[in-house]
Amino acid sequence: MIAALWDNRRFRNWGGQLLLLGGLAALLIWLVTNTVANLDARGIRVGFDFLSRPANFPISESVLPYDPADTFLWAYITGVGNTVAISILAIALSTALGLIVGLARRSQHPLTSGVASVFVTTVRNMPLIVHLLFWYALATTALPAPREALNPLPGVFLSLRGLYIPALELDANAAAFVGCLLASLALLVAFRRKVVSYFRLEGGGAGLLLLAVSAAFALFWAALFIPATSLSLPEYKGFNFSGGLRLSPEFAALMVGLVIYTSAFIGEIIRGGIDAVPAGQWEAGRAIGLSERHTLTHVIIPQALRIIIPPMTSQYLSTVKNTTLALAVGYPELGLVVGTVINQTGQAIESIALLLGTFLTISLAVSLFMNWYNARVALVEAR
Amino acid sequence: MTITDTTPILGRPALATPPRRSRKPVVHVFFGDLAATSLTVATGFLLLSMIPAINWAVFDANWTTGDPATCREGGACWAFIAAKFRFIIFGVYPPDQQWRPLVVMGLIITMVLASLSPRLWGRKLAYGWVAAIAAMLTLMWGGVLGMALVPTSSWGGLPVTLLLALLSLGLGFPFAVFLALGRRSKLPVPRLLSILTIELVRGLPLVGLLFVASILLPLLLPAGWTIDKLGRTLAALTVFAAAYLAEVIRGGLQGLPPGQVEAAKALGIPGWKTVWHIVLPQALQKVIPPLTNTAIVMVKNTSLVLIVGVFDMLSASRVAATDPLWPAPYVESYVFVAAIYFVICFGISNYARWLESRVQARTYR
């Protein structure tokens, strides 16, 4: 009878699946009982109530305002804020640098393409953490003391204390100015088709008009509010710098290392995407009388984008995940904050769950956004 | 005129010789037009700005020194690397026993060289690898054949880096095959479980997994079970490698023509035999070039174990630079370690390119 059952395909499939589920459930139960026993033995109480207690540890720099008297929950949020900030900054900068690297690799110029290819090969074959530690070591040992700070540009100081740059101090009026400027630009871009058709600017005039109108907007608002904006220059006073914006060595090393590393990968993705568009597309564009620029913008780039976006998505995602390496150089992103909280409270399970949950959420959000964008670009092709 | 003769009556147009590529004079390449000139100037400027770094690293560098304290004056202190070479490579492994990790590295190099040619791939080579890895671990641990016992807490340096990469890939591979097959399965339970596992691991940073392994794993296991730090790290790396390998293998499975499975079904070959003898051999052969990419990623990722305090090559170089006798030559240390990683990864990627060209040559024969 068992043989008959074994020969029954449906029975075998369902039996196998039930067995798999049962095994998994047994494993989970085993792990949970172990954990409960271990926690009991060590006298650790599980729960998220510790989040409302004051954190009592400093975070050296943060995008969000933070004070050691704040709660553990706020410390987490500060960590998440730092992670998000460095992720966005690193992705934006390395996309820009990656575009340069990718185009340089494709260049006909032997010197430029040679330098770019040496850069890509060198950078990609070394671990990111070595890059970060290298730049951090450079920033903390090779730079001069604050007294003899390097002053490459007026108002820019580079020393062991970090990089000091002029800061634009915005008050409420100036913030309103920037907000208005961005809003008017966004409106213009959103309605650019209407603007273009209203003024009958089908050719190259459209971009010019947009620029002119935005400049007019900017000038108008600037004339109203510019006295409210001031430039704060760093200067060496006593034993330290005052004024300006300070970029810590940790932040600078992290940013330089992460951007260089990521840009090498992005450069290769962009180069591969443009290379993958067949040469016949260029020729066809010329044959139907499109200008070189229009061939590029209307024929080549849309097709290259479709090839570039999926690998670019995974590159962006791994950049977000790579920001956790910041804890090797001591920049207080989420990983470092979580490590500190575990040391302080011993609430390892909850803290790690928060860490993993945050990254899963970010990963999911980025891939959803990129999928949406990918679908949009793919539609252009189907039209 | 026969039917097979398709020569046009008006005669064949003269065979166009491909236009000879005109060799532009060098001056023209670099200063031919505005774009070329500006690129030359920009790149030249970039290269000129590297001169201080090259001076520091080569011309002003100290290759030998009598006095460590003044070694860094003027240029790089490569004498430090010469002095600390053994420590960076072998870590805190007992000095009189360091022939053992040396033999281990020799074994690894021999096995890698022996596996290069696709002609030798087969069951024998796989058994050879298993035997070699068993021999490596025995050599590292000792405790038998008159070799002193060396606990994993004393292992360090390059052998740890190489072993972590090899073992995580080797142990992760069988799991990856199951995950990939599960993800392609028509049954809901294995498919969902595989998708969940793969996407969960791929959505997390490796640092997070290392935290889980080093902090949570002791809580999850019964009180009596202890796994040392190296073992826990290896577990995290294995899980990570398995998820990424699974996606590569899935690519190979998808590339297999469905006719192969249908033919097996038509011949009445039972399911598991089809998978084992027909699907997997063909799929795995296809994915070997992309698998080398994962190998590079894993070699680079082993450096992350520094974060949970495992003494790999990078940690060893960092500790070496803290020696107060020397003027904190961290930069030199990291450059040296980066060079070793570069040699390994560059070697693998060039091998992959060669392999790919071979595979293509065979496919299009």
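## Exercises on a two-chain predicted model

Chain A and chain B together bury about 4400 Å², of which 79% lies on carbon and sulfur atoms; the model is a predicted one, and every value below is computed from it.

**Exercise 1.** Describe how the side of chain A that touches chain B is built up, by helix and by residue class.

*Solution.* Begin with the extent of the contact, in which 48 residues of chain A meet 51 residues of chain B. Next, look for charge pairing and hydrogen-bonding partners: the rule finds 0 salt bridges across this interface, while it does find 11 residue pairs in polar contact, both residues being at pLDDT 80 or more. Then assign the chain A side to its helices, where α2 (9-42), α4 (110-124), α5 (128-142), α9 (249-276), α12 (334-345) and α13 (348-382) each supply at least two residues. Of these, α2(A) gives the largest share, with 12 residues. Finally, sort the residues on this side of chain A by class, which yields 30 nonpolar, 15 polar and 3 charged.

**Exercise 2.** Find the salt bridge made by Arg271(A), and explain how its two residues are placed along their helix.

*Solution.* Start from the total, which is 8 salt bridges over all chains. In one of them, the side chains of Arg271(A) and Asp275(A) meet with an N to O distance of 3.6 Å, and this satisfies the rule because the cut-off is 4 Å. Now consider the positions: the two residues both belong to helix α9 of chain A, and since Arg271(A) and Asp275(A) are 4 residues apart there, about one helical turn separates them.

**Exercise 3.** Locate a cluster of aromatic rings in chain A, and then identify an arginine placed over a ring in each chain.

*Solution.* The count of aromatic pairs over all chains is 15, and ring pairs join Phe50(A), Phe57(A), Tyr66(A) and Phe72(A) into a cluster. Turning to the arginines, Arg124(A) lies over the face of Phe265(A), at 5.2 Å from the ring centre. In chain B, the charged end of Arg202(B) sits over the ring of Tyr244(B), at a distance of 5.4 Å from the centre of that ring. Both arrangements can be accepted on distance because the limit to the ring centre is 6 Å.

Methods: Residues numbered from 1 in each chain as written. Chains lettered and ligands numbered in written order. Predicted model: local features only at pLDDT ≥ 70, side-chain atom pairs only at ≥ 80, totals over all residues. Heavy atoms only, no water. Contact = heavy atoms within 4.5 Å. Buried area = accessible area lost by both parts, 1.4 Å probe. Polar contact = N/O pair within 3.5 Å; in protein donor to acceptor, adjacent residues only side chain to side chain. Nonpolar A, V, L, I, M, F, W, Y, C, P; charged D, E, K, R; others polar. Phe/Tyr/Trp six-rings, centres within 6.5 Å; stacked < 30°, edge-to-face > 60°. Lys NZ or Arg CZ within 6 Å of the ring centre and 35° of its normal.
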